[in-house]
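Trainee: I've just opened this one and don't know where to start. Could you walk me through it?

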Amino acid sequence: MRVRKIIAILGIALLCVSMNTETFGGAVEVDTVAVLPSKGHKSISPYIFGVNSGVNLKGVAAGAFRLGGNRLSAYNWENNMSNAGSDWHNNSDLYLVQNAEAQFKNVPGGAALDAVYEAREGGVPYTLLTLQMLGYVSSDKTGSVKEENAAPSDFWNKVVNRKDGELSLEPDKEDGVVYMDEYLNYLITKLGKSDSGSGIKAYALDNEPSLWRHTHSLVQKEQLTCDELIRKSLDLASVVKEADDGAEVFGPSLFGYAAFDSFAGAPDWQKLKKDGGYRWFIDFYLDEFKRAEEENGARLLDVLDIHYYTEAKGACGERSCRHYDNDDCVKARLDSVRSLYDAEYREDSWITDTGAEFFPLLPNLQQSIDKYYPGTKIAFTEYDFGGGDHISGAIAEAEMLGIFAEYGVYFASLWSFDKNMYQLGAINMFTNYDGKGSGFGDTLVQSIYNGEDISVYSSIDGEDEGKVKIILINRSLHEDKNVGIILSSDRQYTDAEVYSLYGDSPVIRRLDGVENIIANGISYTLPALSITEFIVNAKDTDKETEESPSAADGETKENQEDRTEDKDKPFRYIVPAAAAAAALILTAVCVVLIRRRRG
């Protein structure tokens with residue numbers, strides 16, 4: 001039977017439930033969710049559950065780890081010096097290795113080696129390293145660099161992509177030059193290539209080049225042009241592929257909407273746009289790499305890399321504010337994720353004020369890829385919707401991860417820190433909900449819901465429908481939501497474990513499960529502002545046991561102790577019996593109709 005017919009049947013049934021909210025003695029409203037484990041299969045990249053350096057990997061089970069940020073643009077791999085740029089008085093120092101393992105503090109490439117070691121210890125399978133393309137990196141001189149010491153000067157070493165001579169594992173620290181091919185050769189010798197168990201999987205073509213005139217003005221004095229960026233990018237990308245043709249190349253690490261649109265007003269953009277008939281800068285960038293592949297016979301760009309920090313304002317007029325006692329401000333954060341996928345949504349921001357031509361963002365990115373460079377993957381190597389110290393930040397993060405899965409995003413790494421535990425808790429809901437390494441499935445399946453306050457994302461592993469994992473997000477600020485979950489499948493589901501993140505703690509709590517599922521229907525009550533995951537088992541399916549593999553001890557001991565069965569919380573079977581019965585009858589009707597149609 002076609003998917004649309006199933007959707008139509010279930011849609012009518014769901015509509016009936018939504019219209020009968022006062023039936024059965026005026027009991028309660030019931031939101032009905034349908035899950036179709038055999039329909040709509042999409043692979044979920046495990047690398048969307050990533051974080052940037054600065055996060056303690058013992059507190060989050062991450063799928064990817066990125067070493068990036070403004071300091072990496074001026075990082076000298078030979079001596080581990082870097083420059084903070086405008087982030088901190090253009091200071092040159094050893095900041096990037098100050099907290100490194102002792103074995104990496106005084107060796108070349110120490111920051112990169114330490115990041116790989118940290119990822120390995122944290123059980124993270126994918127590492128992304130930022131390479132230097134700015135043109136100059138810190139020399140061995142420490143302290144705040146003044147305007148009179150702008151590059152070129154002895155406060156800086158020049159970056160050259162290819163060394164004219166033998167590559168050494170002991171770089172010359174006195175020649176005033178650092179070589180990118182020598183750096184890559186050094187890392188590959190130490191760690192292996194990308195296809196090895198310990199090798200770096202991918203390299204980024206520097207960081208936020210449209211902002212160099214502001215972040216690294218002592219090196220990039222004028223606004224970088226589009227043509228200069230392409231020239232630098234193609235050359236460095238080719239060096240990467242020559243060193244390790246299996247490594248993935250990420251670029252251009254664009255910061256924000258203005259960079260997506262016009263490369264932040266680059267001086268040559270308007271002419272390039274007119275001559276090429278491009279909509280926005282991303283079109284041009286993709287087209288240039290496609291042309292390079294046609295000329296050279298090899299792909300140099302694997303992943304389109306952007307950064308996204310919401311510009312949406314709360315009712316207070318501030319972007320990503322922390323007014324958690326203001327419902328309108330909290331709602332603005334929850335809604336802000338819609339700018340990535342919802343054509344009907346208009347956020348309150350300068351982007352909307354200037355037209356928001358490329359919102360929703362994800363469909364526009366895919367449109368450009370399909371037209372100019374098919375096969376290119378999408379990455380959000382920095383993103384943040386705020387609220388990391390509040391449950392609203394967890395809700396926004398979980399929503400974003402679900403959207404990344406739906407839209408086939410390849411890689412995403414949250415820009416966050418350990419104090420933002422709610423966001424990290426949301427990641428753990430997808431990667432380590434039980435503290436033993438159990439996570440969401442690797443295949444997204446179809447879910448149907450016709451209301452406004454709930455989002456649903458459902459998954460299985462591979463093609464196995466014996467265990468279905470369903471994440472329900474209740475965005476209602478103050479109301480618990482009664483839900484009826486219908487699993488439309490030939491399989492008979494028997495029971496479900498339940499885990500939830502809600503309230504005033506970033507710790508995931510195990511709630512009372514569902515011990516006896518009747519007719520593939522579950523009734524449950526979701527707490528206000530919560531992320532709840534159901535692990536639904538079919539008949540003859542083994543449950544996940546205490547021997548589940550650990551995500552490299554991806555949770556602190558304190559969190560493991562706190563993750564207890566929260567049986568005092570009245571979230572199980574709150575839906576009155578009559579309403580629950582109605583949901584189960586609806587389940588049976590849907591299953592019968594679908595089976596008849598199949599016949």
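Trainee: Let's begin with two strands: how many bridges join β15 to β16, and do they run parallel or antiparallel?

Mentor: Keep in mind that we're looking at a predicted model. Strand β15 covers residues 377-384 and β16 covers residues 411-414. One bridge partnership sets A379 against F411 in β16, and F380 stands opposite A412. The count is two bridges, and the strands run parallel.

Trainee: Which residue of β16 does V51 stand opposite?

Mentor: Look at strand β3, residues 50-52, which pairs with β16 in the parallel sense over two bridges. Within that pairing, V51 sits across from L414.

Trainee: Which residues of β16 point one way, and which the other way?

Mentor: In a regular strand, side chains alternate between the two faces of the sheet. β16 shows two groups, and all four of these residues are buried. One way you find F411 and S413, and the other way A412 and L414.

Trainee: What closed arrangement do β3, β15 and β16 belong to?

Mentor: Follow the order β3-β4-β7-β12-β13-β14-β15-β16, where the pairing is parallel. From one strand to the next the twist averages 25°. Put together, that is a closed barrel of eight strands.

Trainee: Which strands does α11 touch where it packs on the sheet?

Mentor: Helix α11 spans residues 281-296, and its direction makes about 155° with that of β13. For comparison, look at α5, which lies across β4 (64-67) and β7 (127-131) and runs at about 165° to β4. The strands that α11 touches are β12 (202-205), β13 (248-255) and β14 (303-309).

Trainee: Now α5 and α6: at what angle do their axes cross?

Mentor: Find α5 at residues 110-121 and α6 at residues 180-191, with axes that come within 11 Å. On the α5 side A112, L113, V116 and R120 meet Y183, Y186, L187, K190 and L191 of α6. The crossing is right-handed, and its angle is roughly 35°.

Trainee: Which helix gives the most to the largest nonpolar core?

Mentor: In soluble globular proteins, nonpolar side chains tend to be buried together. Here the largest such core has 129 residues, and L361, L365, F380, Y383, F404 and I531 touch the most other members. The helix that gives the most, with ten residues, is α15 (residues 391-406).

Trainee: Leaving aside its neighbours within four places in sequence, which residues is F404 in contact with?

Mentor: You've already met F404 among the core residues that touch the most other members. Two of its partners, F380 and A412, also stand opposite each other in the β15 and β16 pairing. The contacts of F404 are I48, L340, F380, Y383, V409 and A412.

Trainee: How many residues are in the second, separate core?

Mentor: Look for V445, I454, I470 and V514, which are included in it. This core is separate, and its total is 26 residues.

Trainee: How many of the six residues of β17 are buried?

Mentor: Strand β17 covers residues 443-448 and has antiparallel links to β1 (residues 31-36) through three bridges and to β2 (residues 42-43) through two. A34 has I448 as its bridge partner, and S43 stands opposite T443. The strand is mostly covered, with the buried count at five.

Trainee: Through how many residues does the hairpin join β17 to β18?

Mentor: The two strands run antiparallel, joined by three bridges, with β18 at residues 454-461. One facing pair is L444 and S459. The hairpin joins them through five residues.

Trainee: Why does G435 count as buried?

Mentor: G435 is found in the loop between α16 (421-431) and β17. Its C-alpha atom is 9.1 Å from that of A61, which is 374 residues away along the chain. The cut-off for buried is under 20% relative accessible area, so G435 counts as buried because its relative accessibility is 13%.

Trainee: And E497, is it buried or exposed?

Mentor: E497 lies in strand β21 (residues 493-502), where its side chain makes a polar contact with the side chain of Y499 at 3.0 Å. Its relative accessible area is 8%, so E497 is buried.

Notes. Residues are numbered from 1 along each chain as its sequence is written. This is a predicted model: local features need pLDDT of at least 70, side-chain atom pairs count only at pLDDT 80 or more; totals for chains, interfaces and linings use all residues. Side-chain values use heavy atoms; hydrogens and water are left out. A nonpolar core is a set of buried Ala, Val, Leu, Ile, Met, Phe, Trp, Tyr and Cys residues joined through side-chain atoms within 4.5 Å. Buried means under 20% relative accessible area, exposed over 50%, partly exposed in between (1.4 Å probe, protein chains only). Helices (H or I, at least four residues) and strands (E, at least two) are DSSP runs, numbered from the N terminus. Contact means heavy atoms within 4.5 Å. Two strands pair if DSSP finds at least two bridges between them. A polar contact is a pair of N or O atoms within 3.5 Å; within protein, one must be able to donate a hydrogen and the other to accept it, and residues adjacent in sequence count only if both atoms are side-chain atoms. Axes are lines fitted to C-alpha atoms, for helices over the stretch in contact, and angles run from 0 to 180 degrees between N-to-C directions. A crossing is left-handed if the near helix is turned anticlockwise from the far one by less than a right angle, and right-handed if clockwise.
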